[in-house]
Amino acid sequence: MIRVGTGRSRGFTARRLGTVLLVTVGAAVTLTACGVPLIPTLDPTDTPTALPSAAPVPTPTPTPTPTPSSVPSPEPTGGPGSPGSPGEPGAPSACTTDRLSFALQERPGDSGAGSFFWDLSVTNSGAVACTATGYPRVQLVSADTGQPIGAASGLEPRTAPSAVLLQPGDSAFSLLHLTRAGVYGCPLIPVTELAVTPPNTDQSSRVATPNPIDGCADPAIQLARTGAFAASPVVF
C-alpha cells in the first residue's frame with residue numbers, strides 16, 4: 001500500500017532544504033561581494049609593538065696610572081775658588097779691598113813732557129780665588145793733610161775690560177796715565193800717596209807713590225786716568 005501523505009511530506013522537505021541551501025550560498029556570495037570576510041584576518045598594519053630594549057651600560061674607561069716624571073738632578077757646582085763666570089753659582093767672587101795688596105811701579109820709558117805712566121798692580125792676598133774686572137778708581141792724596149785732592153780718575157782707553165781670575169798670590173795690572181799738575185797753573189800740593197778703590201767696592205786703600213809728585217787743589221782738575229785690569233802690564 002502506498003501512502004500518499006508520506007511521499008508528499010518527503011518531497012516538501014527536500015524542497016525546503018534546497019531553498020535553505022540556496023539562501024545560505026547566496027548570502028555568502030553577497031557578503032563576499034561586499035568585502036566582508038567570512039574569517040577574521042589580521043590587518044598588515046596591526047604588527048605587535050616591540051618592547052624597548054634596555055640601553056647598553058657603557059663600559060667604564062680605565063684611568064691611566066700617572067707615571068712619576070723624572071726630576072733633573074742638580075748640576076754640580078764648584079766650591080770656593082772653582083773656575084766659572086762671575087755671578088754664577090760656585091764662581092769666584094769679585095776681589096775686594098780687604099783681599100788685595102796694592103803697589104805702584106814707574107814706567108820711565110813711557111813718560112813724556114806733560115804726562116807719565118805708572119802700573120798699578122793688585123795681588124790676591126787671600127786664601128781663595130777672586131776676579132779683578134773693570135776700572136779701579138784713584139785719587140791723589142795731600143801729603144800735608146792726608147785728604148784726597150782734585151777730581152777722581154777718569155778712564156784710560158788703551159785696554160778693554162775683561163775678568164782676570166786671580167788665584168792666591170796672582171796679580172792683575174791697571175795702567176795709570178797721569179798729567180803733571182804744573183801744566184794747569186794751579187796751586188801745587190805735594191802728593192806721596194794715592195787712594196785706590198777696586199771695582200765693585202767702595203772701600204779704598206792708600207798706596208805709596210814711586211816718587212813724590214805734585215797735585216792740584218782745584219777739585220775740578222783731573223790729573224789721573226786708569227785702565228781696565230789685565231793679566232799683565234800693558235805694552236805700547
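What follows is a chat between two people about a predicted model.

Colleague: Before we dig in, what are the ground rules for this predicted model?

Modeller: Residues are numbered from 1 along each chain as its sequence is written, and side-chain values use heavy atoms, with hydrogens and water left out. Local features need pLDDT of at least 70, side-chain atom pairs count only at pLDDT 80 or more, and totals for chains, interfaces and linings use all residues.

Colleague: And what is the mean pLDDT of the protein chain?

Modeller: The mean is 76, and 62% of the residues reach 70 or more. That score is the predictor's confidence in each residue, from 0 to 100.

Colleague: Where does pLDDT stay under 50?

Modeller: Residues 1-14 are one such stretch, and the model gives them zero contacts beyond four places in sequence. Contact here means heavy atoms within 4.5 Å. Residues 68-85 are also below 50, but that stretch has 14 contacts beyond near neighbours in sequence. Where pLDDT is low, the predicted coordinates should not be read in detail.

Colleague: OK, on to the core. Which residues of the largest nonpolar core touch the most other members?

Modeller: Trp118, Leu140, Leu166 and Leu176, out of 31 residues in that core. A nonpolar core is a set of buried Ala, Val, Leu, Ile, Met, Phe, Trp, Tyr and Cys residues joined through side-chain atoms within 4.5 Å. Buried means under 20% relative accessible area, exposed over 50%, and partly exposed in between, with a 1.4 Å probe and protein chains only.

Colleague: Which strands each supply at least two residues of this core?

Modeller: β1 (100-106), β2 (115-124), β3 (130-132), β4 (137-142), β7 (164-166), β8 (171-179), β9 (188-197) and β10 (205-216). Strands (E, at least two residues) and helices (H or I, at least four) are DSSP runs, numbered from the N terminus. As a general point, in soluble globular proteins nonpolar side chains tend to be buried together.

Colleague: Let's stay with Leu140. What is Leu140 in contact with, outside its neighbours within four places?

Modeller: Its partners include Gln147, Pro148, Ile149, Val191, Leu194, Ile213 and Leu223. Ile149 in β5 is also the bridge partner of Leu140.

Colleague: How many bridges join β4 to β5?

Modeller: Two, and the strands run antiparallel. Two strands pair if DSSP finds at least two bridges between them.

Colleague: What order do the strands take in the open sheet?

Modeller: Four strands go β5-β4-β9-β10, with antiparallel pairing. β5 (148-149) and β10 stand at the edges with a single partner strand each, so one side of each is left without a neighbour in the sheet.

Colleague: Switching topic: how many disulfides does a search of the whole structure find?

Modeller: Two, where a disulfide is a pair of cysteine sulfur atoms within 2.5 Å. With the bonded cysteines numbered in sequence order, the pairing is 1-2, 3-4.

Colleague: How far apart are the sulfur atoms of Cys95 and Cys130?

Modeller: They are 1.9 Å apart. The pair links distant parts of the chain, with Cys95 in the loop between α1 and β1 and Cys130 in strand β3, 35 residues apart. The disulfide is right-handed because the torsion about the S-S bond is about 90°. Cys95 counts as buried at 4% relative accessibility, and Cys130 is buried at 0%.

Colleague: And Cys186 with Cys216, is that disulfide left-handed or right-handed?

Modeller: Left-handed, because the torsion about the S-S bond is about -55°. Cys186 lies in the loop between β8 and β9 and Cys216 in strand β10, so the pair ties together parts that are 30 residues apart in sequence. The sulfur atoms are 1.7 Å apart.

Colleague: Are those cysteines buried or exposed?

Modeller: Cys186 counts as buried at 13% relative accessibility, and Cys216 counts as buried at 2%. Not counting residues up to four places away, Cys216 touches Ile149, Tyr184, Pro187 and Leu223, among others. The C-alpha atoms of Cys216 and Leu140 are separated by 8.9 Å, with their positions 76 residues apart along the chain.

Colleague: Last one, where is Leu175?

Modeller: Leu175 is in strand β8, and counts as buried at 2% relative accessibility. Beyond its neighbours in sequence, Leu175 is in contact with residues including Phe117, Trp118, Arg225 and Phe236. The C-alpha atoms of Leu175 and Arg225 are separated by 8.3 Å.
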